[in-house]
Amino acid sequence: MNDLWRLSATDLSALIRNRKVSAKEATVAGLARLDAVNPAINAVVDHRPNEALARADAVDAAIARGDDVGPLGGVPITVKVNIDYATYPTSNGVKIQNEIIATTNSPVIDNLLKAGAVIIGRTNCPAFSYRWFTTNQLYGDTKNPRDPSLTPGGSSGGAGSAVAAGIGHIAHGTDIAGSIRYPAYACGVHGLRPTVGRIAAYNQALPERIISGQITAVSGPLARTINDVRLGLAAMSQPDARDPWWVPAPLEGPTREKRAAMCLRPDGLAITADVEAAVRDAGKRLERAGWVVEEVENTPALREAAALQTQLWFGDGYQGMLDAAEREGDPAALVCLRGQKDKLKDFENGGLSRALVRRSTFVRDWEMFLQRYAVVLMPMSGELPFPDHLDMQGQEGFDRVWAAQMPQIGIPFMGLPALSVATGLVGRAPTGVQVVAGRYREDLCLLAGEAIEAGGTPPMPCDPATA
(Lines give C-alpha, C1' and ligand atoms only; values in the text may rest on other atoms or scores of the structure.)
Protein backbone atom coordinates (compact mmCIF):
# COMPACT_ATOMS: atom_id res chain seq x y z
CA MET A 1 0.00 0.00 0.00
CA ASN A 2 3.02 2.34 -0.26
CA ASP A 3 1.68 3.83 -3.49
CA LEU A 4 -1.64 5.04 -2.06
CA TRP A 5 -0.42 8.61 -2.58
CA ARG A 6 -0.75 8.03 -6.34
CA LEU A 7 -4.53 7.52 -6.19
CA SER A 8 -7.15 10.16 -6.82
CA ALA A 9 -8.94 11.52 -3.77
CA THR A 10 -12.17 10.07 -5.17
CA ASP A 11 -10.77 6.54 -5.43
CA LEU A 12 -8.93 6.68 -2.12
CA SER A 13 -11.97 7.91 -0.19
CA ALA A 14 -14.02 5.03 -1.62
CA LEU A 15 -11.39 2.50 -0.53
CA ILE A 16 -11.28 3.95 2.97
CA ARG A 17 -15.06 4.14 3.25
CA ASN A 18 -15.33 0.47 2.18
CA ARG A 19 -12.60 -0.55 4.66
CA LYS A 20 -10.28 -1.84 1.98
CA VAL A 21 -7.67 0.66 3.13
CA SER A 22 -7.43 2.48 6.45
CA ALA A 23 -7.11 6.22 6.85
CA LYS A 24 -3.92 5.58 8.79
CA GLU A 25 -2.41 3.62 5.90
CA ALA A 26 -3.29 6.46 3.53
CA THR A 27 -1.79 9.03 5.89
CA VAL A 28 1.40 7.02 6.44
CA ALA A 29 1.79 6.79 2.66
CA GLY A 30 1.15 10.52 2.26
CA LEU A 31 3.67 11.45 4.95
CA ALA A 32 6.25 9.09 3.45
CA ARG A 33 5.82 10.75 0.06
CA LEU A 34 6.22 14.15 1.71
CA ASP A 35 9.45 13.03 3.38
CA ALA A 36 10.74 11.58 0.10
CA VAL A 37 10.17 14.51 -2.25
CA ASN A 38 9.63 17.68 -0.24
CA PRO A 39 13.34 18.32 0.37
CA ALA A 40 13.73 18.80 -3.41
CA ILE A 41 10.78 21.17 -3.87
CA ASN A 42 10.12 22.84 -0.49
CA ALA A 43 6.38 22.88 -1.13
CA VAL A 44 5.30 22.00 2.43
CA VAL A 45 6.85 24.33 4.99
CA ASP A 46 5.07 23.27 8.19
CA HIS A 47 3.74 19.87 9.17
CA ARG A 48 3.08 17.82 12.28
CA PRO A 49 3.02 14.12 11.45
CA ASN A 50 1.73 13.02 14.84
CA GLU A 51 -1.32 15.27 14.51
CA ALA A 52 -2.06 13.87 11.05
CA LEU A 53 -1.76 10.30 12.29
CA ALA A 54 -4.04 11.04 15.26
CA ARG A 55 -6.59 12.53 12.88
CA ALA A 56 -6.38 9.41 10.69
CA ASP A 57 -6.90 7.18 13.74
CA ALA A 58 -10.01 9.19 14.61
CA VAL A 59 -11.38 8.69 11.10
CA ASP A 60 -10.74 4.95 11.29
CA ALA A 61 -12.47 4.79 14.68
CA ALA A 62 -15.49 6.64 13.28
CA ILE A 63 -15.71 4.20 10.36
CA ALA A 64 -15.52 1.27 12.78
CA ARG A 65 -18.50 2.74 14.66
CA GLY A 66 -20.44 3.02 11.41
CA ASP A 67 -20.34 6.84 11.39
CA ASP A 68 -20.40 8.89 8.20
CA VAL A 69 -16.90 10.32 7.92
CA GLY A 70 -17.64 12.62 4.98
CA PRO A 71 -16.70 12.67 1.31
CA LEU A 72 -12.98 13.19 2.08
CA GLY A 73 -12.88 10.72 4.97
CA GLY A 74 -9.22 9.84 5.57
CA VAL A 75 -7.88 11.60 2.46
CA PRO A 76 -4.54 13.42 2.98
CA ILE A 77 -4.58 17.04 1.81
CA THR A 78 -2.55 20.23 2.20
CA VAL A 79 -3.57 23.79 3.09
CA LYS A 80 -1.89 27.14 2.44
CA VAL A 81 -0.06 29.10 5.16
CA ASN A 82 -2.19 32.22 4.70
CA ILE A 83 -5.38 30.95 6.33
CA ASP A 84 -6.14 30.31 9.99
CA TYR A 85 -5.48 26.79 11.25
CA ALA A 86 -5.70 26.71 15.05
CA THR A 87 -2.29 26.55 16.82
CA TYR A 88 -0.40 27.24 13.57
CA PRO A 89 1.08 30.59 12.51
CA THR A 90 -0.93 32.44 9.86
CA SER A 91 2.34 33.71 8.43
CA ASN A 92 1.42 34.41 4.80
CA GLY A 93 5.10 33.78 4.09
CA VAL A 94 6.19 36.76 6.19
CA LYS A 95 8.60 36.85 9.13
CA ILE A 96 6.85 39.79 10.81
CA GLN A 97 3.62 37.80 10.91
CA ASN A 98 5.07 34.44 11.92
CA GLU A 99 4.21 34.99 15.59
CA ILE A 100 0.51 35.40 14.76
CA ILE A 101 -0.83 32.07 16.00
CA ALA A 102 -4.39 31.25 14.98
CA THR A 103 -6.70 30.39 17.86
CA THR A 104 -9.53 29.22 15.61
CA ASN A 105 -9.87 27.64 12.19
CA SER A 106 -10.94 29.53 9.10
CA PRO A 107 -14.25 28.34 7.60
CA VAL A 108 -12.47 26.47 4.82
CA ILE A 109 -10.35 24.51 7.32
CA ASP A 110 -13.42 23.65 9.36
CA ASN A 111 -15.26 22.52 6.23
CA LEU A 112 -12.39 20.33 5.09
CA LEU A 113 -12.19 18.72 8.51
CA LYS A 114 -15.96 18.18 8.58
CA ALA A 115 -15.58 16.44 5.22
CA GLY A 116 -13.14 14.02 6.87
CA ALA A 117 -9.87 15.25 5.34
CA VAL A 118 -6.50 14.64 7.01
CA ILE A 119 -4.29 17.72 6.76
CA ILE A 120 -0.68 16.56 6.35
CA GLY A 121 1.02 19.90 5.70
CA ARG A 122 0.92 23.65 5.19
CA THR A 123 2.13 24.91 1.81
CA ASN A 124 4.35 27.82 0.87
CA CYS A 125 3.48 31.16 -0.73
CA PRO A 126 5.42 34.31 -1.65
CA ALA A 127 5.68 37.03 0.96
CA PHE A 128 2.21 38.56 1.46
CA SER A 129 0.94 36.26 -1.37
CA TYR A 130 1.76 38.98 -3.91
CA ARG A 131 3.48 37.18 -6.81
CA TRP A 132 3.23 34.47 -9.47
CA PHE A 133 6.47 33.06 -8.06
CA THR A 134 6.96 31.45 -4.65
CA THR A 135 9.78 32.47 -2.39
CA ASN A 136 10.11 34.36 0.87
CA GLN A 137 12.63 35.06 3.60
CA LEU A 138 10.81 32.87 6.11
CA TYR A 139 10.62 29.55 4.27
CA GLY A 140 12.74 30.01 1.13
CA ASP A 141 12.14 28.94 -2.48
CA THR A 142 9.52 26.48 -3.67
CA LYS A 143 10.50 24.61 -6.82
CA ASN A 144 8.42 23.38 -9.74
CA PRO A 145 8.61 19.57 -9.64
CA ARG A 146 8.46 19.35 -13.43
CA ASP A 147 11.37 21.71 -14.05
CA PRO A 148 13.15 23.62 -11.27
CA SER A 149 14.10 26.39 -13.72
CA LEU A 150 10.40 27.29 -14.12
CA THR A 151 8.20 29.05 -11.61
CA PRO A 152 5.87 26.80 -9.59
CA GLY A 153 3.44 29.69 -9.85
CA GLY A 154 2.08 31.81 -7.06
CA SER A 155 0.79 32.72 -4.77
CA SER A 156 -0.35 29.13 -4.10
CA GLY A 157 2.92 27.81 -5.52
CA GLY A 158 3.46 25.39 -2.66
CA ALA A 159 -0.01 23.96 -3.22
CA GLY A 160 0.57 23.41 -6.94
CA SER A 161 4.03 21.93 -6.42
CA ALA A 162 2.86 19.61 -3.63
CA VAL A 163 -0.15 18.13 -5.40
CA ALA A 164 1.79 17.71 -8.66
CA ALA A 165 4.50 15.78 -6.80
CA GLY A 166 2.02 13.55 -4.96
CA ILE A 167 2.04 15.28 -1.57
CA GLY A 168 -1.65 15.20 -0.71
CA HIS A 169 -4.51 14.36 -3.05
CA ILE A 170 -6.13 17.82 -2.98
CA ALA A 171 -4.47 21.14 -2.16
CA HIS A 172 -6.11 24.25 -0.80
CA GLY A 173 -5.16 27.57 -2.37
CA THR A 174 -6.39 31.15 -2.51
CA ASP A 175 -6.82 33.30 -5.63
CA ILE A 176 -7.09 37.06 -6.03
CA ALA A 177 -5.53 37.40 -9.49
CA GLY A 178 -4.54 33.89 -10.54
CA SER A 179 -3.07 32.50 -7.33
CA ILE A 180 -4.83 29.11 -7.70
CA ARG A 181 -5.08 28.96 -11.46
CA TYR A 182 -1.52 29.95 -12.28
CA PRO A 183 0.23 27.43 -9.95
CA ALA A 184 -2.04 24.74 -11.40
CA TYR A 185 -1.03 25.84 -14.90
CA ALA A 186 2.68 26.07 -14.05
CA CYS A 187 2.82 22.70 -12.28
CA GLY A 188 0.63 20.78 -14.73
CA VAL A 189 -2.42 20.09 -12.52
CA HIS A 190 -5.96 21.51 -12.37
CA GLY A 191 -7.14 24.41 -10.21
CA LEU A 192 -10.44 26.21 -9.66
CA ARG A 193 -11.09 29.76 -8.54
CA PRO A 194 -14.77 29.62 -7.49
CA THR A 195 -17.32 32.40 -7.75
CA VAL A 196 -16.99 35.10 -5.11
CA GLY A 197 -19.32 34.05 -2.29
CA ARG A 198 -19.15 30.33 -3.05
CA ILE A 199 -16.65 29.45 -0.28
CA ALA A 200 -16.92 31.11 3.12
CA ALA A 201 -13.87 33.17 4.10
CA TYR A 202 -12.77 34.58 7.43
CA ASN A 203 -9.36 35.00 9.03
CA GLN A 204 -9.20 36.12 12.62
CA ALA A 205 -5.41 36.29 12.62
CA LEU A 206 -5.15 38.16 9.31
CA PRO A 207 -8.56 39.70 8.51
CA GLU A 208 -9.70 39.53 4.90
CA ARG A 209 -9.81 42.79 2.99
CA ILE A 210 -13.44 43.27 2.09
CA ILE A 211 -14.29 45.82 -0.58
CA SER A 212 -17.89 47.00 -0.67
CA GLY A 213 -19.17 43.64 0.54
CA GLN A 214 -17.10 41.61 -1.90
CA ILE A 215 -14.18 39.50 -0.71
CA THR A 216 -11.64 39.76 -3.49
CA ALA A 217 -9.56 36.68 -2.57
CA VAL A 218 -11.29 33.30 -2.57
CA SER A 219 -10.25 29.78 -1.54
CA GLY A 220 -10.44 26.86 -3.91
CA PRO A 221 -9.01 23.42 -4.72
CA LEU A 222 -6.08 22.21 -6.80
CA ALA A 223 -5.99 18.53 -7.75
CA ARG A 224 -4.75 15.98 -10.26
CA THR A 225 -8.20 15.13 -11.65
CA ILE A 226 -11.18 17.30 -12.47
CA ASN A 227 -13.41 15.04 -10.38
CA ASP A 228 -11.15 15.67 -7.38
CA VAL A 229 -11.47 19.41 -8.01
CA ARG A 230 -15.24 18.89 -7.89
CA LEU A 231 -14.91 16.91 -4.66
CA GLY A 232 -12.74 19.60 -3.09
CA LEU A 233 -15.17 22.33 -4.11
CA ALA A 234 -18.11 20.50 -2.54
CA ALA A 235 -16.19 20.03 0.71
CA MET A 236 -14.96 23.63 0.93
CA SER A 237 -18.21 25.35 0.00
CA GLN A 238 -20.36 24.45 3.00
CA PRO A 239 -22.00 27.34 4.91
CA ASP A 240 -20.37 29.28 7.72
CA ALA A 241 -22.04 32.15 9.58
CA ARG A 242 -18.77 34.06 9.94
CA ASP A 243 -18.89 35.10 6.27
CA PRO A 244 -21.88 37.40 5.61
CA TRP A 245 -21.21 37.23 1.86
CA TRP A 246 -21.44 33.44 1.53
CA VAL A 247 -24.16 32.54 -0.98
CA PRO A 248 -26.28 29.35 -0.67
CA ALA A 249 -26.14 28.66 -4.40
CA PRO A 250 -26.53 25.03 -5.57
CA LEU A 251 -23.44 23.29 -6.88
CA GLU A 252 -25.40 22.06 -9.93
CA GLY A 253 -27.33 24.53 -12.06
CA PRO A 254 -29.82 24.12 -14.89
CA THR A 255 -28.74 22.11 -17.93
CA ARG A 256 -27.22 24.25 -20.65
CA GLU A 257 -26.52 23.61 -24.31
CA LYS A 258 -22.89 22.55 -24.67
CA ARG A 259 -21.77 25.68 -26.49
CA ALA A 260 -18.37 27.24 -25.90
CA ALA A 261 -16.82 30.47 -27.11
CA MET A 262 -13.12 30.06 -27.90
CA CYS A 263 -11.12 33.28 -27.76
CA LEU A 264 -7.41 33.09 -28.51
CA ARG A 265 -6.50 36.74 -27.87
CA PRO A 266 -9.01 38.27 -25.44
CA ASP A 267 -8.71 42.05 -25.48
CA GLY A 268 -5.63 41.88 -27.69
CA LEU A 269 -3.58 39.55 -25.48
CA ALA A 270 -0.26 38.66 -27.12
CA ILE A 271 0.20 34.88 -27.09
CA THR A 272 2.94 32.48 -28.11
CA ALA A 273 2.46 29.76 -30.72
CA ASP A 274 2.47 27.10 -27.98
CA VAL A 275 -0.33 28.87 -26.11
CA GLU A 276 -2.41 29.16 -29.27
CA ALA A 277 -1.86 25.48 -30.03
CA ALA A 278 -3.01 24.50 -26.53
CA VAL A 279 -6.23 26.51 -26.76
CA ARG A 280 -7.04 25.22 -30.24
CA ASP A 281 -6.36 21.66 -29.12
CA ALA A 282 -8.68 22.11 -26.13
CA GLY A 283 -11.36 23.41 -28.49
CA LYS A 284 -11.04 20.25 -30.61
CA ARG A 285 -11.31 18.11 -27.48
CA LEU A 286 -14.56 19.86 -26.60
CA GLU A 287 -15.89 19.26 -30.11
CA ARG A 288 -15.05 15.56 -29.90
CA ALA A 289 -17.06 15.46 -26.67
CA GLY A 290 -20.12 16.90 -28.37
CA TRP A 291 -19.65 20.60 -27.65
CA VAL A 292 -20.30 23.31 -30.21
CA VAL A 293 -17.22 25.53 -30.23
CA GLU A 294 -17.39 28.98 -31.83
CA GLU A 295 -14.20 30.95 -32.28
CA VAL A 296 -14.81 34.59 -31.33
CA GLU A 297 -12.57 37.60 -31.89
CA ASN A 298 -13.06 39.01 -28.42
CA THR A 299 -14.78 38.68 -25.08
CA PRO A 300 -16.33 41.42 -22.94
CA ALA A 301 -13.79 43.66 -21.24
CA LEU A 302 -10.76 41.97 -19.71
CA ARG A 303 -7.90 44.44 -20.08
CA GLU A 304 -9.66 47.27 -18.22
CA ALA A 305 -11.05 44.72 -15.76
CA ALA A 306 -7.50 43.55 -15.05
CA ALA A 307 -6.32 47.11 -14.51
CA LEU A 308 -9.18 47.81 -12.11
CA GLN A 309 -8.67 44.52 -10.28
CA THR A 310 -5.04 45.54 -9.77
CA GLN A 311 -6.21 48.87 -8.36
CA LEU A 312 -8.62 47.18 -5.95
CA TRP A 313 -5.92 44.71 -4.95
CA PHE A 314 -3.20 47.25 -4.21
CA GLY A 315 -4.89 50.65 -4.10
CA ASP A 316 -6.99 50.08 -0.98
CA GLY A 317 -4.38 50.55 1.74
CA TYR A 318 -1.36 50.73 -0.57
CA GLN A 319 0.84 52.72 1.80
CA GLY A 320 0.17 50.29 4.62
CA MET A 321 1.14 47.36 2.39
CA LEU A 322 4.30 49.15 1.34
CA ASP A 323 5.21 49.97 4.94
CA ALA A 324 4.75 46.31 5.94
CA ALA A 325 6.85 45.10 3.01
CA GLU A 326 9.60 47.54 3.94
CA ARG A 327 9.56 46.28 7.55
CA GLU A 328 9.77 42.71 6.23
CA GLY A 329 12.53 43.68 3.81
CA ASP A 330 11.44 41.15 1.20
CA PRO A 331 12.96 42.38 -2.09
CA ALA A 332 10.42 40.62 -4.33
CA ALA A 333 7.42 41.98 -2.43
CA LEU A 334 8.91 45.47 -2.69
CA VAL A 335 9.48 45.14 -6.43
CA CYS A 336 5.88 44.00 -6.83
CA LEU A 337 4.43 46.86 -4.78
CA ARG A 338 6.65 49.59 -6.18
CA GLY A 339 5.85 48.37 -9.68
CA GLN A 340 2.17 49.16 -9.09
CA LYS A 341 2.61 52.75 -7.87
CA ASP A 342 1.99 54.45 -11.21
CA LYS A 343 -1.15 52.36 -11.76
CA LEU A 344 -2.67 53.63 -8.52
CA LYS A 345 -2.60 57.38 -9.21
CA ASP A 346 -5.76 59.11 -7.99
CA PHE A 347 -7.20 55.83 -6.67
CA GLU A 348 -7.87 57.38 -3.27
CA ASN A 349 -9.56 60.31 -5.00
CA GLY A 350 -12.73 58.49 -6.00
CA GLY A 351 -10.99 55.54 -7.64
CA LEU A 352 -12.78 52.95 -5.53
CA SER A 353 -16.22 54.28 -6.46
CA ARG A 354 -15.30 54.42 -10.15
CA ALA A 355 -14.01 50.85 -10.06
CA LEU A 356 -17.19 49.55 -8.44
CA VAL A 357 -19.38 51.29 -11.03
CA ARG A 358 -17.32 49.81 -13.85
CA ARG A 359 -17.49 46.39 -12.22
CA SER A 360 -21.30 46.44 -12.34
CA THR A 361 -21.13 47.22 -16.04
CA PHE A 362 -18.62 44.49 -16.75
CA VAL A 363 -20.54 41.87 -14.74
CA ARG A 364 -23.63 42.69 -16.78
CA ASP A 365 -21.71 42.48 -20.05
CA TRP A 366 -20.18 39.11 -19.16
CA GLU A 367 -23.45 37.63 -17.94
CA MET A 368 -25.14 38.71 -21.17
CA PHE A 369 -22.31 37.15 -23.20
CA LEU A 370 -22.66 33.96 -21.19
CA GLN A 371 -26.35 33.74 -22.04
CA ARG A 372 -25.21 32.45 -25.43
CA TYR A 373 -22.23 30.39 -24.30
CA ALA A 374 -22.08 27.96 -21.40
CA VAL A 375 -18.33 28.55 -21.09
CA VAL A 376 -15.54 30.61 -22.56
CA LEU A 377 -12.27 28.89 -23.48
CA MET A 378 -9.20 31.14 -23.44
CA PRO A 379 -5.50 31.18 -22.55
CA MET A 380 -4.48 30.92 -18.93
CA SER A 381 -1.49 33.13 -19.71
CA GLY A 382 0.03 34.62 -22.84
CA GLU A 383 3.11 32.43 -22.32
CA LEU A 384 4.12 29.00 -21.10
CA PRO A 385 5.22 29.01 -17.42
CA PHE A 386 7.83 31.69 -16.86
CA PRO A 387 11.48 31.21 -15.96
CA ASP A 388 11.57 31.37 -12.18
CA HIS A 389 11.73 34.89 -10.74
CA LEU A 390 11.38 36.56 -14.14
CA ASP A 391 9.65 39.51 -12.47
CA MET A 392 12.90 40.26 -10.63
CA GLN A 393 14.91 40.53 -13.86
CA GLY A 394 14.52 44.27 -14.38
CA GLN A 395 11.62 46.33 -15.69
CA GLU A 396 11.36 44.37 -18.93
CA GLY A 397 10.88 41.10 -17.05
CA PHE A 398 8.38 42.65 -14.64
CA ASP A 399 6.30 44.14 -17.46
CA ARG A 400 6.43 40.90 -19.45
CA VAL A 401 4.97 38.94 -16.54
CA TRP A 402 2.13 41.37 -15.87
CA ALA A 403 1.21 41.65 -19.55
CA ALA A 404 1.00 37.87 -20.02
CA GLN A 405 -1.17 37.38 -16.92
CA MET A 406 -3.96 39.73 -18.01
CA PRO A 407 -6.65 37.01 -18.57
CA GLN A 408 -6.30 35.61 -15.07
CA ILE A 409 -6.19 39.03 -13.39
CA GLY A 410 -9.29 40.30 -15.16
CA ILE A 411 -11.73 37.44 -14.48
CA PRO A 412 -11.81 37.92 -10.66
CA PHE A 413 -12.91 41.54 -11.09
CA MET A 414 -16.31 40.22 -12.20
CA GLY A 415 -16.34 37.53 -9.50
CA LEU A 416 -16.67 34.79 -12.13
CA PRO A 417 -15.53 31.18 -11.65
CA ALA A 418 -12.56 30.03 -13.71
CA LEU A 419 -10.85 26.66 -14.06
CA SER A 420 -7.26 26.02 -15.07
CA VAL A 421 -7.07 22.71 -16.96
CA ALA A 422 -3.70 21.02 -17.60
CA THR A 423 -3.47 19.63 -21.14
CA GLY A 424 0.09 18.49 -21.82
CA LEU A 425 3.77 19.36 -21.96
CA VAL A 426 6.06 21.27 -24.29
CA GLY A 427 9.37 19.73 -23.33
CA ARG A 428 9.07 19.86 -19.56
CA ALA A 429 6.88 22.99 -19.51
CA PRO A 430 3.20 22.32 -18.78
CA THR A 431 0.49 23.62 -21.09
CA GLY A 432 -3.11 24.33 -20.21
CA VAL A 433 -6.15 26.52 -20.74
CA GLN A 434 -8.63 28.59 -18.76
CA VAL A 435 -12.38 27.83 -18.76
CA VAL A 436 -14.74 30.58 -17.55
CA ALA A 437 -18.47 30.36 -16.80
CA GLY A 438 -21.23 32.51 -15.32
CA ARG A 439 -21.50 33.21 -11.62
CA TYR A 440 -22.09 30.10 -9.48
CA ARG A 441 -21.73 27.86 -12.54
CA GLU A 442 -18.56 26.08 -11.51
CA ASP A 443 -20.38 22.94 -12.65
CA LEU A 444 -20.14 24.16 -16.25
CA CYS A 445 -16.42 24.86 -15.87
CA LEU A 446 -15.96 21.33 -14.53
CA LEU A 447 -18.13 19.76 -17.23
CA ALA A 448 -16.02 21.36 -19.95
CA GLY A 449 -12.87 20.63 -17.96
CA GLU A 450 -13.65 16.91 -17.90
CA ALA A 451 -14.05 16.87 -21.67
CA ILE A 452 -10.71 18.63 -22.09
CA GLU A 453 -9.02 16.40 -19.51
CA ALA A 454 -10.18 13.30 -21.41
CA GLY A 455 -7.93 14.30 -24.30
CA GLY A 456 -4.82 13.94 -22.17
CA THR A 457 -2.89 15.62 -19.36
CA PRO A 458 0.73 15.73 -18.21
CA PRO A 459 1.67 12.58 -16.27
CA MET A 460 0.74 13.10 -12.63
CA PRO A 461 1.83 12.78 -9.96
CA CYS A 462 5.42 13.30 -11.02
CA ASP A 463 8.77 12.77 -9.36
CA PRO A 464 10.62 16.07 -8.91
CA ALA A 465 13.14 16.90 -11.63
CA THR A 466 16.47 17.78 -10.08
CA ALA A 467 18.01 19.78 -12.91
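Strands are DSSP runs of E with at least two residues, numbered from the N terminus. With that in hand, welcome to a set of close-up views of a predicted model.

**Figure 1. The setting for the close-ups is a protein chain of 15 helices and 13 strands.** The radius of gyration of the protein chain is 20 Å, close to the 23 Å that the globule rule gives for 467 residues, so the chain is as compact as a globular protein of that length. Along the principal axes, the C-alpha atoms fill a box of roughly 60 × 55 × 50 Å. Of the 467 residues, 63% count as buried. Among contacts with a separation of 6 or more, 78% join residues 24 or more positions apart. The exposed area is about 16500 Å², and carbon and sulfur atoms supply 52% of that area. On the charge side, there are 46 positive and 51 negative side chains, with the centres of the two sets 2 Å apart.

**Figure 2. A260 sits in strand β9, which spans residues 259-262.** Is A260 buried or exposed? A260 has a relative accessible area of 1%, and because buried means under 20%, A260 counts as buried. Which residues does A260 touch, leaving aside its neighbours within four places in sequence? The contacts are L286, W291, V292, V293, E294, Y373 and V375. For a sense of scale, try picking R327 as well: A260 and R327 are 67 residues apart in sequence, and their C-alpha atoms are 48 Å apart in space.

**Figure 3. Helix α12 runs through residues 347-372.** This helix has 26 residues and reaches 35 Å from its first C-alpha to its last, close to the 38 Å expected at 1.5 Å a residue. Its buried residues include the aromatic side chains of F347, F362, W366 and F369. Also buried in α12 are G351, A355, L356, V363 and L370, along with R359 and E367. When you look down such a list, a general point helps: an α-helix has 3.6 residues a turn, so residues three or four places apart point the same way.

**Figure 4. Helix α4, residues 107-114, is shown with its buried residues.** These buried residues are P107, V108, I109, N111 and L112. What do they pack against? Their partners include the strands β2 (76-80), β3 (118-123), β4 (170-175) and β8 (218-223). Helix α7 (226-236) is another partner of the buried residues of α4. Just after α4 comes G116, with a positive phi of about 95 degrees.

**Figure 5. Helix α9, residues 303-315, is mostly covered.** From its first C-alpha to its last, α9 reaches 17 Å over 13 residues, close to the 18 Å expected at 1.5 Å a residue. How many of its residues are buried? The count is 10 of 13. Among them are A305, A306 and L308, as well as the run Q309, T310, Q311, L312, W313, F314 and G315. After α9 comes G317, whose phi is positive, near 90 degrees.

**Figure 6. T87 and N92 each have a positive phi without being glycine.** T87 is found in the loop between β2 and α4, and N92 has its place in the loop between β2 and α4 too. Phi of T87 is near 80 degrees, while that of N92 is about 55 degrees. How covered is each? T87 is partly exposed, with a relative accessible area of 47%, whereas N92, at 12% relative accessibility, counts as buried.

**Figure 7. Cis peptide bonds are found from G154 to S155 and from M460 to P461.** The bond from G154 to S155 has omega near 10 degrees, and S155 lies in the loop between β3 and α5 (157-164). The bond from M460 to P461 has omega near 0 degrees. P461 lies in the segment after α15 (442-453).

**Figure 8. G427 is found in the loop between β12 (418-426) and β13 (429-436).** Is G427 buried or exposed? With a relative accessible area of 63%, G427 is exposed. If you would like a distance to check, the C-alpha atoms of G427 and G232 are separated by 30 Å, and the two residues are 195 apart along the chain.

Definitions and conventions
Residues are numbered from 1 along each chain as its sequence is written. This is a predicted model: local features need pLDDT of at least 70, side-chain atom pairs count only at pLDDT 80 or more; totals for chains, interfaces and linings use all residues. Side-chain values use heavy atoms; hydrogens and water are left out. Helices (H or I, at least four residues) and strands (E, at least two) are DSSP runs, numbered from the N terminus. The radius of gyration is taken over C-alpha atoms; the globule rule is 2.2 Å times the number of residues to the power 0.38. Buried means under 20% relative accessible area, exposed over 50%, partly exposed in between (1.4 Å probe, protein chains only). Contact means heavy atoms within 4.5 Å. Accessible areas come from the Shrake-Rupley method with a 1.4 Å probe; for residues, only the protein chains shown count as cover. Lys and Arg count as positive and Asp and Glu as negative; His and the chain ends are not counted. The place of a charge is taken as NZ of Lys, CZ of Arg, CG of Asp or CD of Glu. The expected span of a helix is 1.5 Å times one less than its number of residues.
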